[in-house]
Amino acid sequence: MDVGLIGLGSMGTGIAKSLLRAGHRLTVYNRTRERAEALHKDGATVGSSIAEACRGDAVLTMLADDAAVEAVVFGENGVLKSLPRGHVHVSLSTISVALSDRLTAEHTRAGQEYISSPVFGRPEAAEAGKLAVVAAGSKPAVERCKPVLEAMGQKLLVIGEQPSKANVVKLTGNFLIASVLESLGEAMAFARKSGVDPTVLLEFLTSTLFNAPVYKTYGGLIVEGKHDHVGFALPLGFKDVRLVMQAAEAKTVPMPIASVLHDRFVQALARGYEHMDWSVIGQVAAEDAGLVRAKSA
């Protein structure tokens, strides 16, 4: 396909490389042009405006939050004004359910298609084309964009025709990851203070009862104290906890664990960890137990 990609943070850059490797023609645009220029050697065309990224069959956006998506889509000469009728906007960002519904309505009014397709995975998975991809939108639009969606990941879940359902799935998943970070942090702090080697414990647990990537990846980061290697920054995790709480409140769904996580993220931010990976939540649990930070390998 001939597609554009707006937003070249660590995830967007990795996705761009996966799409190029799969043979798609890609125009990239980023507010900081140097990040777009860096992909030229991989075969990307560097766009000088949002409009240039909207000239293909579809435009993908991979942006940090609601505010960034609103600025790119609804701003002057943004996606809404630049995307031709009948063409597709695919939002890969983790955004609120409410904004996804608004995007659906505005694109429909403009005669455009909208697919919400948030992804699961860290930057290294994005570059390797091994993300888990969730998509929702009209069946014809999703079918048209499948070559791009499948190029990004090893598994694609099409959850329905209402785009915001994909955002519900994404927020649900990130809530569960945040819960794992907190529970791992507490468990490893208890083990360390009881004289149990957390490395040995983690290897045992993740090769038996908890043999899942989320436990292995984040357990390793927590045990080794590798919070400076930022795959997903703490403020973004905090944003997602807030979003899931907002969406749950709108549906009158109590989420008491999310409230605990909210306060834990505030605590981590208050300690100055805003530039660290969200796995630093595990470090906060250790500090509360009177333990020093695990030595980073």
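1. Contact here means heavy atoms within 4.5 Å. On that basis, helix α9 meets helix α12 through Leu171, Asn174, Phe175 and Ala178 on the α9 side, and through Asp240, Val241, Leu243 and Val244 on the α12 side. Sorted by class, this contact holds six nonpolar residues, one polar and one charged. The model is a predicted one, and the points below should be read with that in mind.

2. The geometry of this pair comes next. The axes of α9 and α12 approach within 9 Å and cross at roughly 120°. Angles of 65 to 115 degrees count as roughly perpendicular and those over 145 as roughly antiparallel, so α9 is classed as oblique to α12. The handedness of the crossing between α9 and α12 is left-handed.

3. Helix α9 also packs against α11, which spans residues 213-224; their axes come within 10 Å, with a crossing angle of roughly 45°. This makes α9 oblique to α11. The crossing of α9 with α11 is right-handed. From α9 the contact takes Ile177, Val180, Leu181, Leu184, Gly185 and Met188, and from α11 it takes Val214, Tyr215, Tyr218, Gly219, Ile222 and Val223. By class there are 10 nonpolar and two polar residues in the contact of α9 with α11, and no charged ones.

4. A further partner of α9 is α10, a helix of residues 198-206, whose axis comes within 9 Å of that of α9 and crosses it at roughly 130°. The two helices, α9 and α10, are therefore oblique to each other. Their crossing is right-handed. In this contact Leu184, Met188, Ala191 and Arg192 of α9 meet Pro198, Leu201, Leu202 and Leu205 of α10. The contact of α9 with α10 is made of seven nonpolar residues and one charged residue, with no polar ones. Leu184 and Met188 belong to the α9 side of the contact with α10, and both are also listed on the α9 side of the contact with α11.

5. Turning to open space, the largest pocket of the model encloses about 1400 Å³. Its lining is formed by 50 residues, and those closest to the pocket centre are Met11, Met62, Gly121, Gly231 and Phe232. The lining of the largest pocket is made up of 29 nonpolar, 13 polar and eight charged residues.

6. The second largest pocket holds about 360 Å³ of space. It has 18 lining residues, and Val97, Val168, Ala247, Ala248 and Lys251 are nearest its centre. Three elements each give two or more residues to this lining: α6 (97-109), α9 (164-193) and α12 (234-250). The largest contribution comes from α12, which supplies six residues. The lining of the second largest pocket divides into 11 nonpolar, five polar and two charged residues. Helices α9 and α12 thus appear twice in this note: they contribute to the lining of the second largest pocket, and they meet in the contact that includes Phe175 of α9 and Val244 of α12.

7. Two backbone positions deserve a look. Asparagine 77, although not a glycine, has a positive phi of about 60°. Asparagine 77 sits in the loop that joins α4 (66-74) to α5 (79-82). Threonine 252 is likewise a residue other than glycine with a positive phi, here near 50°. Threonine 252 is found in the loop between α12 and α13 (256-270).

Methods
Residues numbered from 1 in each chain as written. Predicted model: local features only at pLDDT ≥ 70, side-chain atom pairs only at ≥ 80, totals over all residues. Heavy atoms only, no water. 1 Å grid on protein atoms, 1.4 Å probe; cavity = no way out; pocket = protein on both sides within 12 Å on 5 of 7 lines; lining within 4 Å. Points joined across faces, edges and corners; volume = space filled by probe spheres on them. Nonpolar A, V, L, I, M, F, W, Y, C, P; charged D, E, K, R; others polar. Helix = DSSP H or I, 4+ residues; strand = E, 2+ residues; numbered from the N terminus. Axes fitted to C-alpha atoms, helices over the stretch in contact; angles between N-to-C directions. Parallel < 35°, antiparallel > 145°, perpendicular 65-115°, else oblique. Left-handed = near helix turned anticlockwise from the far one by under 90°.
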